[in-house]
Amino acid sequence: MTTLRTGTAAVLDQLRADGMTTVFGNPGTVEQGLLDAIDSAGDFRYVLALAEAAVVGIADGYARATRRPTFVQLHSGVGLGNGIGMMYQAMRGHSPLVVVAGEAGVRYDAFDAQMAADLVGMARPVTKFATRVIDPRSVLRVLRKAIKIAATPPCGPVFVSLPLDVLDAPNDEVAVPTSIPQTRTVPVPELVEAAAGLLAGAERPVIVAGDGVAESGAQPELARVAELLGARVWLADTSVVNLDAAHPLYRGPLGHMFGEVSAAAVREADAVLIVGTYVFPEVFPMLGSPFAAGARVVHIDLNAYEIAKNHPADLGLVADPRATLAALATELAGRGARPATAPPPPAARAEVTGGEIYDRFLAELAAQTTDPVIFDEALTSSPPLARHFPPRSPGRYYLTRGGSLGVGIPGAVGIKLAMPDDVVIGFTGDGGSMYTVQALWTAARQGIGAKFVICDNGRYELLNENISVYWRERGIAPHPFPSSFDLRGLPIGFTDVARGLGVQAARVATADDIGPAIKRMLADDEPFLAHVSVEPGGR
């Protein structure tokens, strides 16, 4: 008599069929059958992290680098709850994470037992799709649906709850590769002509671009359209290289906090092309229109939801940015489009913040490395980082997104796992690092040689900057910052923390510390952490 394989074995067959044999997770009792099967299989790699936020952050970095669906295992409601902040990051950044969590079993639903929770309800706000498998005959069908949704642009995380009794039941489903729809569409010629008609001849054109450009691989096409129009290019909701920072029309990322900052970039424009993003993704958006009266607005995105979501557009095109920008460039060139005026001079860069020690550290690090992959969660310490390591090439620069802290260390671990032959350096702050510092242990245990830099200013400096704006807007006289923003009362021994988690580390507090720390950092392909002062004069 032939024994049918279990649902657990079927899940592994499906993951094999989709090439998803690297699993990121943290174990739990109700997932024990799946974890036992993964360990016994021999052809799976289980990347263990010590906390769920670190698990999701590492998987997110891996998915960003591979641009493929990535399997994440969390533990029931408590594990899912701990990972939700990083799942929000993945949703904002369109990472194709396939997150699963176990349950004791459908048969126990009536008991309201220990760890029972509405997992689907918890996951739904931070995913594209969330569901629960309740029939053993539909495990793979549901899993393939989830993988398809995660990997179909605009990509994003999905969640599937897998009750233990469903996975233990016999399963005769056939595992076949998931069918991912192709979305490389271009509008009909009349609409491309209409877009060109709205943009051509503008005296003060502006382009606002976002990560949909990079997702489509449309960086060259974006540059070509910008050149034909003579349009300055600002970036919104950006976390990767959407245009070479050295391009003369590049103006850099807009702010993510206050609507007035973004509005200033388009206020004088008579034509605006929005592509691969939406306007505008701030915490405190401008309620009125940011556009000048009579400005012509064209919006291109694969996500129909984002087009004209907040402000009207004269023409919205639900289409692939690369194919559409290529067609638009051809149409503009055919019309003899030329910049109406000479390209404006590069916008003045923000003042370089951070102390002398940090700036000298970055200069020496840049001199000692060739084209490293940078994960930037330095936040208020980012300006000097971007000056020494400008984001120029796709796949070489990653920026935090989503608003929560803690992505820098796990993000670098995941990217290094996906890009083992590259030097990968993650930058984070003293505050942000402590949200997911456990990811250092994963790097040490798995032999993942990412490098880490903690930029230490002894405070949540971004909060200081934001509350200064809050006071000014409300006419409140400046006064001492809230004590809850200050971390200096009990300095954190970051090098001791790193060594305790298996990662070698060095403190960089003086100019004499810089050379030895960088030499040690780059001496081998082992994980290493540099704890660098970013206060003037060191600390």
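Helices and strands, as named in these legends, are DSSP runs numbered from the N terminus, a helix (H or I) having at least four residues and a strand (E) at least two. The structure shown is a predicted model.

**Figure 1. Overall view of the predicted protein, with its 20 helices and 18 strands.** The C-alpha atoms fill a box of roughly 80 × 65 × 45 Å when this is taken along the principal axes. The radius of gyration is 24 Å, which agrees with the value near 24 Å that a compact globule of 539 residues would have. Buried residues make up 54% of the 539 residues, and, among contacts with a separation of 6 or more, 78% are between residues 24 or more positions apart.

**Figure 2. Close-up of the largest nonpolar core around Leu-440 and Phe-452.** This core has 53 residues, and Leu-440 and Phe-452 are the members that touch the most others. Helix α3, residues 52–66, contributes the most to the core, with eight residues. When neighbours within four places in sequence are left aside, Leu-440 is in contact with Ile-409, Phe-452, Ala-498, Leu-501, Val-503 and Leu-529. Another core, of 33 residues, lies apart from this one, and its members include Ala-195, Leu-199, Ala-271 and Leu-315. As background to such a view, nonpolar side chains tend to be buried together in soluble globular proteins.

**Figure 3. Close-up of the second largest cavity, with a volume of about 50 Å³.** A search of the whole structure finds three cavities of 30 Å³ or more. The lining of the second largest cavity is formed by Ile-274, Tyr-278, Val-279, Val-297, His-299, Glu-306, Ala-308, Lys-309, Asn-310, His-311, Pro-312 and Ala-313. By class, seven of the lining residues are nonpolar, three are polar and two are charged.

**Figure 4. Close-up of two cis peptide bonds, from Pro-153 to Pro-154 and between Val-279 and Phe-280.** The bond from Pro-153 to Pro-154 has omega near -5°, and Pro-154 is placed in the loop between α6 (139–151) and β6 (158–163). For the bond joining Val-279 and Phe-280, omega is about -15°, and Phe-280 lies in the loop between β10 (271–275) and β11 (296–301). Val-279 is also one of the residues that line the second largest cavity.

**Figure 5. Close-up of Arg-67 and Asp-112, two residues with positive phi that are not glycine.** Phi of Arg-67 is near 60°, and the residue is found in the loop between α3 and β3 (70–74). Because its relative accessible area is 48%, Arg-67 is partly exposed. Asp-112 has a phi of about 50° and lies in the loop between β4 (97–103) and α5 (119–123). With a relative accessibility of 65%, Asp-112 counts as exposed, since the class begins over 50%.

**Figure 6. Close-up of Asp-496 in helix α19, with Arg-507.** Asp-496 belongs to helix α19, which covers residues 494–500. Its relative accessibility is 54%, so Asp-496 counts as exposed. Along the chain, Asp-496 and Arg-507 are 11 residues apart, and their C-alpha atoms are separated by 9.9 Å.

Key:
Residues numbered from 1 in each chain as written. Predicted model: local features only at pLDDT ≥ 70, side-chain atom pairs only at ≥ 80, totals over all residues. Heavy atoms only, no water. Core = buried A, V, L, I, M, F, W, Y, C linked by side-chain atoms within 4.5 Å. Buried < 20%, exposed > 50% of the residue type's maximum accessible area, 1.4 Å probe, protein only. Contact = heavy atoms within 4.5 Å. 1 Å grid on protein atoms, 1.4 Å probe; cavity = no way out; pocket = protein on both sides within 12 Å on 5 of 7 lines; lining within 4 Å. Points joined across faces, edges and corners; volume = space filled by probe spheres on them. Nonpolar A, V, L, I, M, F, W, Y, C, P; charged D, E, K, R; others polar. Rg over C-alpha atoms; globule rule 2.2 N^0.38 Å.
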